[in-house]
Amino acid sequence: MLNKPTDYVASLAKGLRVIEAFGPQSPSLSIAGAAAASGLDRATARRVLLTLHREGYADYDGKFFTLTPRVLRLGVAALASLPLSQIVQPWLDQLSEQLLQSCSVALLDEGDIVYIARAAQKRVMSMGLMPGSRLPAHCTAMGRVLLAALPFDRARTLVEASDLAPRTRHSVSDLDEILRRIEQAREQGYALVDQEVELGLRSLAVPILDRTRTVVAALNVGVAVTEEPADAILQTYLPQLLKVQSALMRAL
């Protein structure tokens with residue numbers, strides 16, 4: 001809690017806003033682009049970017065800035081210190097080995113999911129996922145079970161504020177249909193997404209609950225598309241996901 005103005009470091013806040021301006025859709029930013037994305041004036045954005053470059057957190061080619069791997073220290077250290085990620089990682093590793101599929105755990109952050117733990121097998125997605133990666137909640141299996149744990153009005157507000165543009169030809173982009181599927185996830189206790197994030201990928205997720213049965217995260221398995229119907233993976237993978245869900249509920 002801030003007690004006085006001197007407790008707030010405005011320059012740090014501005015620096016964080018510039019770092020957050022970078023993302024999958026904007027991996028490289030000019031000074032003007034960073035200013036527009038962060039809401040800062042060009043002079044401030046320039047100083048922040050040049051400081052990041054001097055400290056080794058950004059590369060600069062004379063026009064565009066790109067974050068360097070050094071910036072991962074800021075997020076990975078924090079994620080690694082989360083008790084939840086430490087607790088779930090051994091379970092994820094074991095589950096991934098049993099299923100021979102990639103498994104992940106994510107949290108909800110406004111309209112996105114944020115990966116906090118992952119155990120990868122063969123690469124199904126073209127995009128590389130790791131702790132700290134973000135995806136839209138409304139079109140992901142983990143996102144839908146996490147949205148399902150919220151009051152309906154809150155979930156609707158988050159979905160309405162999201163970019164509902166389809167990512168693939170299978171994506172659901174109608175608001176009412178997305179909300180219906182979130183409600184379905186609430187009733188069923190799991191969510192199944194078929195190629196809505198990326199072609200060739202199906203994902204099945206269940207919520208992770210603590211001892212009070214409060215949803216604290218989501219657990220998923222991602223599998224490649226086969227000729228079988230999408231719901232065929234329920235019989236194969238859902239029992240194992242529910243088994244880990246039950247075990248984690250006793251541990252949290």
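Two strands count as paired if DSSP finds at least two bridges between them, and helices (H or I, at least four residues) and strands (E, at least two) are DSSP runs numbered from the N terminus. The model is a predicted one, in which local features need pLDDT of at least 70 and side-chain atom pairs count only at pLDDT 80 or more, while totals for chains, interfaces and linings use all residues. Residues are numbered from 1 along each chain as its sequence is written, and side-chain values use heavy atoms, with hydrogens and water left out.

**Exercise 1. Work out how strand β4 is joined to β9 and to β5, and where V105 stands in this pairing.**

Step 1. Strand β4 covers residues 102-109 and is joined to β9 by 5 bridges, the two strands running antiparallel. On this side, V105 stands opposite L219 of β9.

Step 2. Towards β5, strand β4 has 7 bridges, again in the antiparallel sense, and here the bridge partner of V105 is A117.

Step 3. The connection between β4 and β5 is a hairpin with 2 residues between the strands, and E110 in the turn has a positive phi of about 55 degrees.

**Exercise 2. Extend the pairing to the whole open sheet of 6 strands and determine which strands stand at its edges.**

Step 1. The order of the strands is β6-β5-β4-β9-β8-β7, with antiparallel pairing.

Step 2. Because β6 (134-136) and β7 (191-194) each have a single partner strand, they stand at the edges, and one side of each is left without a neighbour in the sheet.

Step 3. On average, neighbouring strands of this sheet are turned by 30 degrees against each other, direction ignored, where axes are lines fitted to C-alpha atoms, for helices over the stretch in contact, and angles run from 0 to 180 degrees between N-to-C directions.

Step 4. At the β6 edge, β5 (residues 112-119) pairs with β6 over 3 bridges in the antiparallel sense, and V114 has R134 of β6 as its bridge partner.

**Exercise 3. Describe the surroundings of N220 in β9 and of H138 in the loop after β6.**

Step 1. N220 lies in strand β9, residues 215-224, and at 7% relative accessibility it counts as buried, a term that means under 20% relative accessible area, with exposed being over 50% and partly exposed in between (1.4 Å probe, protein chains only).

Step 2. The side chain of N220 makes a polar contact of 2.8 Å with the side chain of S203; such a contact is a pair of N or O atoms within 3.5 Å, and within protein one must be able to donate a hydrogen and the other to accept it, residues adjacent in sequence counting only if both atoms are side-chain atoms.

Step 3. Leaving aside neighbours within four places in sequence, the residues in contact with N220 (heavy atoms within 4.5 Å) include S102, C103, M142 and L241.

Step 4. H138 is found in the loop between β6 and α6 (141-148) and is buried, with a relative accessible area of 4%. Its C-alpha atom is separated by 7.9 Å from that of D112, 26 residues apart along the chain, and the residues that H138 touches, not counting those up to four places away in sequence, include R144, D163 and I178.

**Exercise 4. Establish how helix α3 is oriented, from its buried residues and from what covers them.**

Step 1. Helix α3 (residues 42-54) has 13 residues and reaches 18 Å from its first C-alpha to its last, close to the 18 Å expected at 1.5 Å a residue, the expected span being 1.5 Å times one less than the number of residues.

Step 2. T44, A45, V48, L49 and L52 are buried in α3. These residues cover an arc of only 130 degrees around the axis, which puts them on the same side of α3; the arc is that of the directions from the helix axis to the C-beta atoms. On the other side, R42 and R54 are exposed.

Step 3. The elements covering the buried residues of α3 include α1 (10-21), α2 (31-38), β2 (58-60) and β3 (65-67).

Step 4. At the N-terminal end, D41 caps α3 with a side-chain oxygen 3.1 Å from the backbone nitrogen of A43, and just after the helix G56 takes a positive phi of about 90 degrees.
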